[in-house]
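User: I'd like a close look at one part of this protein, please. Could you take me through a sheet and what packs around it, and then show me how the rest compares?

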Amino acid sequence: MNKINKITIRCLTNPSKGFGNFNRCLNIAESLKQKNCLISFVVDDNEFVISELKKRKFNFASIPLSKSVFEKTNLLKNYLEQNNSKLCIIDMREYGEILSKKLLNSNCKVVLFDDAWNKQVYADVIFNGTNVESYHNYEIINKNSKLFLGPNYWIIDKNFKFFRKKLSSIKIKKKYSIIITMGGSDKFNLTTTVVKSLMNIDDLHLSIIVGPFFSHTETLMKIISSKPNISLYKSPPKIWKIFSSADIAVCTGGNTLFELACMGIPTLCIPSVIHEIKYAEEFKSQNFSLNLTLREKNMKHIKSAILNLISDINLQKEMCVSGQKIIDGKGLSRVTKEIIHLL
């Protein structure tokens, strides 16, 4: 019988931070489980996340949000020792560097997932799958660290590649399908702004996707309740199927932007937080997305940007090809391979 490797994943699940970190960790957990690894999660206390972990039959421990960083670090160290974990995967944004430093020289190897948050590398391995080179500038403290950088290591469910847009589907139509998806929480309620901008354009059908931490549903429902050209999806389990029907998407600059690039869906990007601005700029420079400003609220600008993109079939085709080149959809298998090699 093959040896079972025990792996603990410490993942950010604070509702105010959205769903991206947890979703990334679910993908890698499912992939590693197929490689005879026993996966456990340590998460911030969150009802939706705990329900999802139970559904997928992962062991877990939850930490109250009220605990200090020091307390959370000690709880993680104790959990790793009690469970005899051979490896700890950390996906905690700005807290990743602190945790990996505390685990340096422990009996547990450390893998750190980072996007734009860490500067010093204490982990045995760091994966940064973003396409922004300035986010790859690390000071290596642990001389044995290995760095895997760039979009070849962007973790994404294999279905986003399977459901990729075909160039033949990009053509002049009587009615266009627009996906609006502004992240797991959409703290600034950009969803409602975009919907208001586009809802009265006759030849558009709007598919709105809201995440598990979206708190503006009541406001949104009042606006769209009488509109037959609008569909609303709440945390759909197979989001790639909805994406695959889209001619154009409107999203923020987080994980969804990378997913849409993989699928080749022409995208209008509205960054919602500061670090997403560079993602948006980089995708634009690589001919994938069109960008508006941080948390754009001007409904006329949003409307005109969408109408201009709809009318330019050649630009849509260029964006489709470019996005699929940037994110090839094989990052999950590459990351899984390197983690297994580390074990």
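Analyst: Here is a walk through one sheet, its helices and its core, followed by a visit to the other sheet. Please keep in mind that this is a predicted model.

Let's begin with the strands. Six of them make an open sheet with parallel pairing, in the order S12-S11-S10-S13-S14-S15. At the edges stand strand S12 (230–234) and strand S15 (289–291); each has a single partner strand, so one side of each is left without a neighbour in the sheet. On average, neighbouring strands here are turned by 20° against each other, direction ignored.

Now zoom in on the S12 edge. Strand S11 (residues 204–210) runs parallel to S12 and is joined to it by five bridges. Within this pair, Val210 stands opposite Lys234 in S12. Helix H7 (residues 217–224) packs on the sheet here, touching S11 and S12, and its direction makes about 160° with that of S12. Towards the S15 edge, helix H10 (residues 276–285) lies across strand S14 (267–269) and S15, running at about 130° to S15.

H7 also has a helix for company. H6 and H7 pack at an angle of about 10°, with their axes 10 Å apart. An angle under 35 degrees counts as roughly parallel, and therefore these two helices, H6 and H7, are described that way. On the H6 side, Thr191, Thr192, Val195 and Lys196 meet Leu220, Ile223 and Ile224 of H7.

Just ahead of H6 is a residue you may want to click on. Asp186 sits in the loop between strand S10 (176–181) and helix H6 (190–198). With a relative accessible area of 5%, Asp186 is buried, because the cut-off for that term is under 20%. Setting aside neighbours within four places in sequence, Asp186 is in contact with Thr191, Phe214 and His216. The C-alpha atoms of Asp186 and Ile209 are 11 Å apart, with their positions 23 residues apart along the chain.

Next comes the nonpolar interior. The largest nonpolar core has 59 residues, and Ile178, Leu198, Leu204, Phe243 and Ile306 touch the most other members. Helix H9 (residues 255–263) gives the most to this core, contributing six residues. Phe243 is worth a look of its own: beyond its neighbours within four places in sequence, its contacts include Phe160, Ile179, Ile209, Leu260, Met263 and Ile265. A second, separate core has 29 residues, among them Cys25, Leu26, Val43 and Val125.

Finally, the other sheet. This one is open too, with seven strands in the order S3-S2-S1-S4-S5-S7-S9 and parallel pairing. Strand S3 (59–63) and S9 stand at its edges, each with a single partner strand, so one side of each is left without a neighbour in the sheet. The twist from one strand to the next averages 15°. Five bridges join strand S2 (residues 37–44) to S3 in a parallel run, and Asp44 has Ile63 in S3 as its bridge partner. Helix H2 (residues 47–55) packs on this sheet, touching S2 and S3, and its direction makes about 170° with that of S3. Helix H1 (residues 20–33) lies across strand S1 (5–11), S2, strand S4 (87–91) and strand S5 (109–113), at about 165° to S2.

Key. Residues are numbered from 1 along each chain as its sequence is written. This is a predicted model: local features need pLDDT of at least 70, side-chain atom pairs count only at pLDDT 80 or more; totals for chains, interfaces and linings use all residues. Side-chain values use heavy atoms; hydrogens and water are left out. Two strands pair if DSSP finds at least two bridges between them. Helices (H or I, at least four residues) and strands (E, at least two) are DSSP runs, numbered from the N terminus. Axes are lines fitted to C-alpha atoms, for helices over the stretch in contact, and angles run from 0 to 180 degrees between N-to-C directions. Contact means heavy atoms within 4.5 Å. Buried means under 20% relative accessible area, exposed over 50%, partly exposed in between (1.4 Å probe, protein chains only). A nonpolar core is a set of buried Ala, Val, Leu, Ile, Met, Phe, Trp, Tyr and Cys residues joined through side-chain atoms within 4.5 Å. Angles under 35 degrees count as roughly parallel, over 145 as roughly antiparallel, 65 to 115 as roughly perpendicular and the rest as oblique.
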